[in-house]
Amino acid sequence: MTVSVEPTVVDPPAQGAGEALRPHAEDAFAVELAALAAQDDRPRPARWKLSPWAVATYLLGGTLPDGTVVTPKYVGPRRLVEVAVTTLATDRALLLLGVPGTAKTWVSEHLAAAVSGDSTLLVQGTAGTPEEAIRYGWNYAQLLAHGPSRDALVPSPVMRGMAQGLTVRVEELTRIPADVQDTLITILSEKTLPVPELGQEVQAVRGFNLIATANDRDRGVNDLSSALRRRFNTVVLPLPESVDAEVGIVARRVDQIGRSLDLPAAPDGIDEIRRVVTVFRELRDGITADGRTKVKSPSGTLSTAEAISVVTNGLALAAHFGDGVLRAGDVAAGILGAVVRDPASDRVVWREYLEAVVRERDGWQDFYRACREVSG
C-alpha cells in the first residue's frame, strides 16, 4: 500500500517578497527562469521546469534569442555543469564534492531552482541530524492520542520530494552520522521509503532526485560507505583556476550581496578585491603568484566564499564608517580574521607572509601598514 503525502503549506511572510534578506534562488532569479522557460523548446524530463540545456544555461549564463541576459551563477568548467545536470535527468543521485568554499551549496540551490522551481526541500547535515530528518517523524500528540496514523506522520523533505517528483537537497552529507547517512541507500536504490508502522510505503514519482554536497577537509567528517557512494554520480567542484576568474566571482557576489543590504557600490573596489584574492591564493597554494617565494599555509581553507565575506564586510565598513571608497584598511581586519584561526601557529604564518611578501611588493605599502596595524 502506498501512502500519499500532502504538500506542506507555508503561510506567506508578513513582509513583501522584496524584503527577504536572502531570497531563494527561484525568487531572486524569477525573471531569468521565466524567460528561459518561455523560450525553451527542447525536451524536458518529467516534472522539470526547464530542459537540461536551459538548466545549464541558467547556471553558466548567456544571452537568449530575445536579448534577455542570463547572469552566470557558477564560473567554472562547462562540462562539470553539463554532467551534473545530466545526472539529475537519470535515476542516479548527484554528489557535489569539493573543498569548503567551492560553491557546492550555491550550485545545488540553483540546480534545484531550475529543475523543480523549488530549492527549499532541504536537509541540513550536522553531527546531530537524526534519522527522522531524512525519513519521517511523528506528531507525538496525535501518536499518543490515536496511535500510528497518516495524520500523525510528519514527512521529511525527502519524503515530500519523492511524493511530488521534486529535487531534494542534502547539505554537508559527510557531517551526518554514518548510520543516518545509510538511510538514503534504500531511497536511492529502490526509490521507495517504507513506513513499517503503517504497513505502507512512499514510492518516488518521476522527477524526484537528490543533490548532496560534501567535503573531506573539515573536522567531524564521516566517510560515506561504499554502498551509499555507489548510489551517487560524483562531480568534483574545483577552486577557481585563475586570479582573474576568482576576482570576477568575488566581485559579482559582493555586488549582489551589497545590493540586498542597500550598501552603495564601492568605486574602484576591484583593486582591493584583487589584493584579497591574491593573498588568499598565495597562502592557500604555499607560493607567491610569480612562483619565486614559498610561503607557509595557515590552518584555514581561505576559500572564495571567505574572500566574499571579507570584501562584503569591508564594503560595509567603507559605507558606514568611511568615505564609501573601499580601501586597504577596510579589508585588513577581515583578512586577519580569516587567516588567523589558530592563534599560535597561524599568527606566525601571517607575520612571516606580511614581512617577506607584502612589505616588499610594489604598490602594497598602504595594505602592509593597514595589516600591521590590525595585527598588533
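**Exercise 1. Strand β10 and its partners**

Which residue is the bridge partner of Thr167 in β10? Work out as well how β10 is paired and how its residues are covered.

*Solution.* In this predicted model, the partner of Thr167 in β10 is Asn209. Thr167 belongs to strand β7, residues 167–171, which runs parallel to β10 and is joined to it by four bridges. The next step is to look at β3, which also pairs with β10 in the parallel sense, over four bridges, and here Leu96 stands opposite Thr213 of β10. Turning to burial, strand β10 covers residues 209–214, and six of its six residues are buried. Asn209, Ile211 and Thr213 point one way from the strand, while Leu210, Ala212 and Ala214 point the other way, and the residues of both sets are buried.

**Exercise 2. A hairpin and the residue before it**

In which sense do strands β8 and β9 pair, parallel or antiparallel? Describe the turn between them, and then the loop that leads into β8.

*Solution.* Strand β8, residues 192–195, and strand β9, residues 200–203, pair in the antiparallel sense over four bridges; in one of the pairings, Leu193 has Val202 of β9 as its bridge partner. The two strands form a hairpin with four residues between them, and in the turn Gly199 has a positive phi of about 65 degrees. A positive phi also appears at Lys191, where the value is near 55 degrees in a residue other than glycine. Lys191 lies in the loop between α9 and β8. To classify its exposure, note that partly exposed covers the range between 20% and 50%; Lys191, at 21% relative accessibility, therefore counts as partly exposed.

**Exercise 3. Another positive phi**

Where does Ala103 lie, and what is its phi?

*Solution.* Ala103 is found in the loop between β3 and α5, and its phi is near 75 degrees, a positive value in a residue other than glycine. As background, most residues other than glycine have a negative phi. With a relative accessible area of 27%, Ala103 is partly exposed.

**Exercise 4. The surroundings of helix α3**

How many of the nine residues of helix α3 are buried, and against which elements do the buried residues pack?

*Solution.* Helix α3 spans residues 52–60 and is mostly covered, with seven of its nine residues buried. The buried residues are Ala54, Val55, Ala56, Thr57, Tyr58, Leu59 and Leu60, and they pack against the helices α1, α2, α4 and α5 as well as the strands β1 and β2. Just after the helix, Gly61 takes a positive phi of about 90 degrees.

**Exercise 5. Two crossing helices**

At roughly what angle do the axes of α12 and α13 cross, and which residues make the contact?

*Solution.* The axes of α12, residues 270–285, and α13, residues 304–321, come within 10 Å and cross at roughly 145 degrees, and the crossing is right-handed. From α12 the contact takes Ile273, Val276, Phe280 and Arg284, and from α13 it takes Thr304, Glu306, Ala307, Val310 and Val311. Sorted by class, six of these residues are nonpolar, one is polar and two are charged.

**Exercise 6. The whole chain**

What radius of gyration does the protein have, beside that of a compact globule with 376 residues?

*Solution.* A compact globule with 376 residues would have a radius of gyration near 21 Å, and the protein, at 23 Å, agrees with this. Its C-alpha atoms fill a box of roughly 75 × 50 × 40 Å along the principal axes. The protein has 16 helices and 11 strands, and 46% of its residues count as buried.

Notes. Residues are numbered from 1 along each chain as its sequence is written. This is a predicted model: local features need pLDDT of at least 70, side-chain atom pairs count only at pLDDT 80 or more; totals for chains, interfaces and linings use all residues. Side-chain values use heavy atoms; hydrogens and water are left out. Two strands pair if DSSP finds at least two bridges between them. Buried means under 20% relative accessible area, exposed over 50%, partly exposed in between (1.4 Å probe, protein chains only). Contact means heavy atoms within 4.5 Å. Axes are lines fitted to C-alpha atoms, for helices over the stretch in contact, and angles run from 0 to 180 degrees between N-to-C directions. A crossing is left-handed if the near helix is turned anticlockwise from the far one by less than a right angle, and right-handed if clockwise. Ala, Val, Leu, Ile, Met, Phe, Trp, Tyr, Cys and Pro count as nonpolar, Asp, Glu, Lys and Arg as charged, and the others, Gly among them, as polar. The radius of gyration is taken over C-alpha atoms; the globule rule is 2.2 Å times the number of residues to the power 0.38.
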